[in-house]
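Subject: Structure handover

Hello,

Here is the structure I promised you. My notes follow below it.

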Amino acid sequence: MQKSNVDIRSLQIGFGGLKVLENLNLNVEASEFLVLLGPSGCGKSTLLNAIAGLIDVRGGEIHIGGRDVTWAEPKDRGIAMVFQSYALYPRMSVRRNMSFGLSVAGTPRDEIERRVGEAARMLQLNSLLDRRPSELSGGQRQRVAIGRALVRHAGVYLFDEPLSNLDAQLRAELRVEIKRLHARLGATMIYVTHDQIEALTLADRIAVMQGGVIQQLDTPKKIYREPVNRFVASFVGSPAMNFIPGRIARDGETGFIAGANRLGLNGYAFRGLPTDAPAVLGIRPEHIELTASDDPSAVSARVEMVEPMGADTLIWCRLADNTAFSFRHDADAQVCVGDTLNVRFPAEALSLFDEISGQRL
Amino acid sequence: MRLSLNSRISAITALLPALLVMLVVYIGATGWTVWMSLTNSRMLPNNNFVGLRQYEMLFGNDRWITSVHNIVIYGVLFVSLALSIGFLLAVAIDQRVRAEDTIRSIYLYPYSMSFVVTGLVWQWLLNPTLGIQHVLRSWGFEGATFDWIVRPETAIYCLVIAGVWQASGLVMAIMLAGLRGVDEEIWKATRVDGLPKWRVYVSIIIPMMGASFATAAVLLSTGVVRLYDLSVAMTNGGPGIASEVPAKFVMDHLFERANIGLATAAATTMLITVIAVVAPYFYWRTRKGEMR
């Protein structure tokens, strides 16, 4: 099976007077699993449809496997696609759903049979081959849709929110299955989702999009640990990152002033030279630590609400100046509403953003 | 929870008129018709039982045989042509054409006309000395001939033309609703699979539209059975008896020819035919419903 890279150069897409994508560049390596992540309306599905050739572009080029396919028909691009609504052919059996495209394209019968058998084995569809889609569960239908994509032996597999119509448990199961499939085939996959968990678990790299622009393109770890701006920081991660407004002070040692508290920033990797300016401090709930009251970096906070989440507990607190934040603690934490806790914000786990531009400092 | 006597009485009172209409008008009249067909009633109904004599006479009657022959031709051609033309119109409109609303209204317009008006319009259009043939000849196509309506062996096809013209718009509306119900992503999937458009319609879309086709076919079929006014307005059964239809046979014998026995025998024959066609379908439907 060939594995194609995808190269998108200054792509422009619009509908009427509306510009959806403008000058978008993206390079997907062969065998890579790339996730396009963003809220609805950010252009991620539009981008995927453009790669598939299902919508026309206004400008720019799309290269798949080194070939310029900007104006090629979808079937000639060496792609296969899986849709959110499964898009199975309802009056055809599972077997026919998978084989129909190949047989119309004139693929030899034994080759079709081999490919369908192989896909069915990979996706555990063997016992379902003669059923109609209406006789299958949602998860089975989506596996059939994936099977229909696999038999095309495409260079790139495109997934358009494939798990969004499934319930939470099936979603988790199928997510693992897709990840296993990628590990096994080593195929190039581009996967659109608005679910940051799917993105973090599946991706080799994530492209976080907003307003038709890729905000950050990086590994899941980097996206999670070092978001480049406040949008990425708030979109990725659940429970969400805490944001605490304040200012950066450079009186002697650089620090962050939030109300009456001063946090040392020794150990924070500034991108440029820090300046005295209003800023927003971001920290993920699991990076906040409990500490002793005589720790000089301790900040005291009042517990407002406790959310047990099974594996751990989310504790909602307020600082003296009324700023709210949440942090994660062991499930066996003996914390009650109204308690006063001493916490510290480790500088190396912080993210600082410019108050106006929202860019990482 | 049991209903109180009071509310049960009011429920029965509310249903009573409809029930009476149903019993007296439909079942009563049908029963009376069947009974009349077994008597020798002429101008006025009587109760002289003659067994199946009227049916023997009916099937020895040339005009009835022609009527039955015509209704079969009309039924098969009308339903199949209206379904296919209506579907093709719907497909054409579904290609995201401009002024879709206007075109849709134009297609649907004939359906708002009564059969009598449709019949008259087409009578003029098909009339060799007034209509299409005349226009073609006046344009210089001297040899142009389109005289189906005055030739006995083709007159029934003129009814088919008018009927299809009138009903295709309705079929188009039903089909268009069906086509619009097809998931956009299925179309995308067929494009990724590289299926030619005609193939998508034939192998995927049409099989998905079973309900639309069934609805349209049922509506069209009722139109076939009660076909009467079109024949009256367009050809009045002519030339001769060439475009007679069963419903017209019944009406004529009931009121003009004062032969109630024969007319009711014809009507009963029509009823039995319809039941013979519909009953297996309903049986199949209920069986299917039970299996679910």
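Helices and strands here are DSSP runs, numbered from the N terminus: a helix needs at least four residues, a strand at least two. On that count, chain A has eight helices and 20 strands. Please keep in mind that this is a predicted model.

Chain A overall

The C-alpha trace of chain A spans about 75 × 45 × 35 Å along its principal axes. The chain has 361 residues, and 40% of them are buried. I also looked at contacts in chain A between residues at least 6 apart in sequence. Of these, 66% join residues at least 24 apart.

Two domains in chain A

The domain assignment splits chain A into domain 1, residues 6-235, and domain 2, residues 242-354. Taken over C-alpha atoms, the centres of these two domains of chain A are 39 Å apart. How many residues make the contact between them? Five from domain 1 of chain A touch four from domain 2 of chain A. On the domain 1 side, two of the touching residues are nonpolar, one is polar and two are charged.

Strands around S16 of chain A

Strand S16 of chain A covers residues 299-308, and strand S19 of chain A covers residues 340-344. The two pair in the antiparallel sense, over four bridges. A:Ala301 stands opposite A:Leu341 of S19(A).

S16(A) also pairs with strand S17 of chain A, residues 312-319. These two run antiparallel as well, joined by seven bridges. Here A:Arg302 has A:Arg318 in S17(A) as its bridge partner. S16(A) and S17(A) form a hairpin, with three residues between the strands. Look at A:Gly310 in that turn: its phi is positive, about 90°.

Chain B

For chain B I started from the UniProt record, an unreviewed entry. Its "transmembrane region" annotation covers residues 12-35, 71-94, 106-125, 154-179, 200-220 and 260-284 of chain B. I have notes on two of these stretches.

What does the model show over residues 106-125 of chain B? The chain there is 70% helix and 0% strand. The end C-alpha atoms of this stretch are 19 Å apart.

Residues 154-179 of chain B come out at 96% helix, with 0% strand. Their end C-alpha atoms lie 35 Å apart.

If you open one spot, try the hairpin turn with A:Gly310. Then go to the two annotated stretches of chain B, residues 106-125 and residues 154-179.

Best wishes

Methods. Residues numbered from 1 in each chain as written. Chains lettered and ligands numbered in written order. Predicted model: local features only at pLDDT ≥ 70, side-chain atom pairs only at ≥ 80, totals over all residues. UniProt positions renumbered as here; feature names shortened; annotations may be inferred. Domains from an automatic or database assignment. Contact = placed C-beta atoms within 7 Å. Nonpolar A, V, L, I, M, F, W, Y, C, P; charged D, E, K, R; others polar. Buried ≥ 20, exposed ≤ 12 C-beta atoms within 10 Å, placed from the backbone. Pairing = 2+ DSSP bridges.
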